[in-house]
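Please load the model in the viewer and keep the selection panel at hand. The tour below proceeds one selection at a time.

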Amino acid sequence: MSSTLGRQFVVTTFGESHGPAMGVVIDGVPAGLEITTEDIRFELQYRRTGNYLVSGRREADEPEILSGLYNGKTTGAPLSLIFRNTDAISSLYSEVSHKPRPGHSDLPLIRKYGRENWDYRGSGRSSARETISRVAAGAVAKKLLMHVSTYISGYLKSIGPVDGTACTDPIASLNSKKFQTRAIDRETDERFTALIKSAMKEGNSYGGLAEVFAINPPEGMGEPVFHKIKAELGGAILSMPAVTGFEYGMGFRASRMKGSEAADEIVKAGGNRLRLKGNLSGGMLGGLTTGEDIVVRCAFKPTSSIRIPSKTVDLDTMEPAEISVTGRHDPVVAVRGVSVAEAMMAIVLVDYAMILGVIPHARLSEKESGTIGERWEEYIKKCRS
Ligand SMILES: Cc1cc2nc3c(=O)[nH]c(=O)nc-3n(C[C@H](O)[C@H](O)[C@H](O)COP(=O)(O)O)c2cc1C
């Protein structure tokens, strides 16, 4: 059961939804990076549960840093963090224990690992609780990316049949941090909220589409054949629970376009700098980053745990059965999914920036660390403004 991602910035997540804690080990963080629990909390707030539009599970999400820090700075040793599980109610899963939910991981896990080894409580490792570890690693990755002045930001483009305002300037997507639904403006937030409330009332759920940007990424990250940057980003995004689709730049629209429409025009942009005018390839060409902003989109399916009854088979009797899931679930997983997608993008890009050598893999000087700190503060201010 692989739980590790990355070659230079290596992230391993662990823990089960109803076990004692979730956690993450990040190996390969250069020494000298200032990290506080406040930095981690800042990013975690965007995937938190407990408000009325998402899962009602009320977790403290309090990070405990166990290793890799000395005097507030990384030492180069594995940075490890845990988050204690404080609000698990396993009895809510007693029906799931013998009636696998359609559209969830229950049946394939039972088939592969055996019913006797299956931790159905809160969906075990398949729970979105695991994504807290990803977002924590993403916070460290986002901070390290400040070394090359790269910012990661995303928003929710649509939920079910409701299209929100599309973001035309990546930096404007930071505005979505103000809204619980991760919509880009108030008007869309209101429409998303109304739809989510209607789904909750019906006991149903909706899918959604997120768009995530890397603003000002270094050029040349990736490889021309295997380990193409698009493949790594696609793999990381598709590794998120409930993601069913990934595209970048013109994406699936390209299949309906003419070559003349899809040409990423090369233009001179001051001095000898060359730019791609329309950035139709979403910042990635030939397996490498072009230096233009990276633009990816990911589709989240509707939550499979719904109150509306769906058909399954009772594993105790092997008779057809129905299941109506009444526990605490997200009506639209895409809402909290935006912050997880941002984290996955940050983790992959920092890994590739270190492989390229534009972020040092051994240590940051005091000056470099100070500049990172200043840029991080500016980023936090922008998110709050
Ligand atoms: C942020 C987030 C929250 C989620 N919340 C729930 C949930 O409350 N209930 C649920 O059934 N699935 C939820 N999921 C999705 C399941 O974890 C996922 O569908 C399941 O693990 C099966 O994996 P797959 O859909 O990728 O095949 C969530 C996913 C994400 C990203």
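Select Met 250 in this predicted model; Met 250 counts as partly exposed because 19 C-beta neighbours lie inside 10 Å. The residue sits in the loop between β11 (243–248) and α6. Beyond its neighbours within four places in sequence, Met 250 is in contact with Met 257, Ala 262 and Leu 280. Add Val 295 to the selection: 45 residues separate Met 250 from Val 295 in sequence, while their C-alpha atoms are 9.2 Å apart in space.

Next, select Glu 261, which lies in helix α6 (residues 259–262). Is Glu 261 buried or exposed? Glu 261 is exposed, because 12 other C-beta atoms lie within 10 Å. A C-alpha to C-alpha distance from Glu 261 to Leu 280 gives 9.5 Å, for two residues that are 19 apart along the chain.

Now display helix α5 (residues 229–238) together with α7. Their axes come within 9 Å and cross at roughly 145°, and the crossing is right-handed. To show the contact, select Ile 229, Glu 232, Leu 233, Ala 236 and Ile 237 of α5, with Ala 341, Met 344, Met 345, Ile 347, Val 348 and Tyr 352 of α7. Coloured by class, the contact of α5 with α7 shows 10 nonpolar residues, no polar residues and 1 charged residue.

Keep α7 (333–356) visible and add α1, whose buried residues pack against α7, α3, β4 (63–67) and β7 (79–84). Which residues of α1 are buried? They are Asp 39, Ile 40, Glu 43 and Leu 44. These residues cover an arc of only 135° around the axis, and therefore lie on the same side of α1.

Bring in α3 to view a second helix pair. Helix α1 (residues 37–44) and helix α3 (residues 131–145) pack at an angle of about 115°, and their axes are 9 Å apart. Here α1 passes α3 in a right-handed crossing. On the α1 side, select Asp 39, Ile 40, Phe 42, Glu 43 and Leu 44; these meet Ile 132, Val 135, Ala 136, Gly 138, Ala 139, Lys 142 and Lys 143 in α3. By class, the contact of α1 with α3 comprises 7 nonpolar, 1 polar and 4 charged residues.

Isolate α3 for a moment. Because 15 of its 15 residues are buried, α3 is largely enclosed by the rest of the structure. The end C-alpha atoms of α3 are 20 Å apart, which agrees with the 21 Å that its 15 residues should span at 1.5 Å a residue.

Finally, select helix α4 (residues 186–202). At 1.5 Å a residue, the 17 residues of α4 should span 24 Å, and its end C-alpha atoms are indeed 24 Å apart. In α4, the residues Thr 188, Asp 189, Phe 192, Leu 195, Ile 196 and Ala 199 are buried. Looking down the axis of α4, one finds the buried residues within an arc of 130°, so they line one face of the helix. An α-helix has 3.6 residues a turn, so residues three or four places apart point the same way.

What covers the buried residues of α4? The cover includes β8 (151–159) and β9 (162–163). Turn to the other side of α4, where Arg 186, Glu 187, Ala 194 and Lys 201 are exposed. The last selection is Gly 203, just after α4, which takes a positive phi of about 75°.

Technical notes: Residues numbered from 1 in each chain as written. Predicted model: local features only at pLDDT ≥ 70, side-chain atom pairs only at ≥ 80, totals over all residues. Axes fitted to C-alpha atoms, helices over the stretch in contact; angles between N-to-C directions. Helix = DSSP H or I, 4+ residues; strand = E, 2+ residues; numbered from the N terminus. Left-handed = near helix turned anticlockwise from the far one by under 90°. Contact = placed C-beta atoms within 7 Å. Nonpolar A, V, L, I, M, F, W, Y, C, P; charged D, E, K, R; others polar. Expected span 1.5 Å × (residues − 1). Buried ≥ 20, exposed ≤ 12 C-beta atoms within 10 Å, placed from the backbone. Arc of directions from axis to C-beta.
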